[in-house]
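Me: I would like to take a close look at one part of this protein, the place where several aromatic side chains come together. Could you go through it step by step?

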Amino acid sequence: CGEIVLGMNIESLLGTFVRSNLISFTPRYVFENRSIIPVTILPLRGSMQDVKDFLGKEYESSIHFKNKTVTLWPGQSTIVYHFAKIEKNILAGQNTRFICVRVDANRWNYQARWHMIMTDDVNGTQHFTERDGSSTNIAAIFGVDVQTIDAVINLQIHNVHRAPIKIENHSNEHYLQFIQDDDDGVVMEVPPMTWCGYSWDNPYGKKSLRCISLQAHESNEYKIERSEEALHQIKNKSKDSSGNVVYINNPDILRFGRDDNVSKPTEKQQLELLDLTSTK
């Protein structure tokens with residue numbers, strides 16, 4: 001049946017059994033969903049880099065590991081007895097147990113993202129962020145409380161209503177972009193005179209940020225607005241007197257052949273349309 005992980009308590013008895021010890025076996029790991037969203041967990045064992053590489057490249061094609069996942073609805077809990085082994089060329093001291101968590105929330109462009117929760121030698125709350133799937137903005141922050149009670153390690157996931165980090169932009173005109181100095185970091189943008197809640201993209205990575213200040217026309221917000229304007233122009237196309245397809249708000253950039261033989265825009269025209277390089 002493979003490796004089964006259990007906890008063990010040893011208690012010295014009193015009275016007649018003063019020279020005896022009571023040994024009791026208990027579950028070692030218990031995971032509870034206290035959030036308002038269903039979550040899926042996958043217990044894995046190996047080095048941090050091996051687990052990270054597996055979740056990013058190999059999980060989707062592995063039916064064997066998909067069968068080891070457990071879905072927990074709000075209020076449900078489960079005992080974790082077994083951790084699937086995936087280590088490769090493991091070195092002494094790197095064999096770590098992780099409970100990998102995926103939040104099963106609806107997104108505009110859903111892409112499953114696994115979060116690694118270290119189960120051993122950690123007490124306190126570990127935070128991780130969720131994006132909405134259509135931008136890099138943080139949609140929610142979750143916390144996982146890791147507590148050791150006798151021989152039981154109890155992990156509880158819950159919604160975090162107050163971000164552990166607050167980042168303020170006090171500039172009147174400059175945008176602030178920042179990213180965790182880690183491979184898993186995602187760029188965040190803060191407009192002038194606003195603030196945002198934040199949590200580390202990789203809780204086990206380097207706890208430092210790289211920042212840059214930008215003018216308004218260099219910001220992601222500006223580029224998104226320009227892209228939306230361009231898409232709106234495409235939806236509102238019309239024909240001129242010669243039957244050519246004309247985009248009414250910018251006929252000089254987008255004017256391709258006749259309707260029955262429309263030629264594709266050049267690369268330069270596409271860049272001007274999406275405003276990926278120019279900042280007029």
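Is Trp 200 buried or exposed, and what is its relative accessible area?

Reply: Trp 200 is buried, because its relative accessible area is 19%, and buried here means under 20%, whereas exposed means over 50% and partly exposed lies in between (1.4 Å probe, protein chains only). What you have in front of you is a predicted model, in which local features need pLDDT of at least 70 and side-chain atom pairs count only at pLDDT 80 or more, while totals for chains, interfaces and linings use all residues. Residues are numbered from 1 along each chain as its sequence is written, and side-chain values use heavy atoms, with hydrogens and water left out.

The count of aromatic pairs comes to 4, where rings of Phe, Tyr and Trp (its six-membered ring) pair if their centres lie within 6.5 Å, with planes under 30 degrees apart called stacked, over 60 edge-to-face and the rest tilted. One of these pairs joins Phe 178 and Tyr 198, whose ring centres lie 5.2 Å from each other and whose planes meet at 85°, which makes the pair edge-to-face. This pair links distant parts of the chain, since Phe 178 belongs to strand β14 (residues 175-180) and Tyr 198 to strand β16 (residues 194-198), 20 residues apart. Strands (E, at least two residues) and helices (H or I, at least four) are DSSP runs numbered from the N terminus.

Both Phe 178 and Tyr 198 are buried. Tyr 198 also pairs with Trp 200, again edge-to-face, with 6.0 Å from centre to centre and 75° between the planes. For Tyr 198 the relative accessible area is 0%, so this residue counts as buried. Taken together, Phe 178, Tyr 198 and Trp 200 form one aromatic cluster.

To set this cluster in its surroundings, it helps to step back to the whole chain. The chain holds 4 helices and 20 strands, and 38% of its 280 residues are buried. Among contacts (heavy atoms within 4.5 Å) between residues at least 6 apart in sequence, 54% join residues at least 24 apart.

Another strand offers a further example of a buried residue: Thr 96 is found in strand β8 (residues 96-103), and because its relative accessibility is 17%, Thr 96 counts as buried. Leaving aside residues up to four places away in sequence, Thr 96 touches Leu 44, Arg 45, Gly 46 and Met 118.
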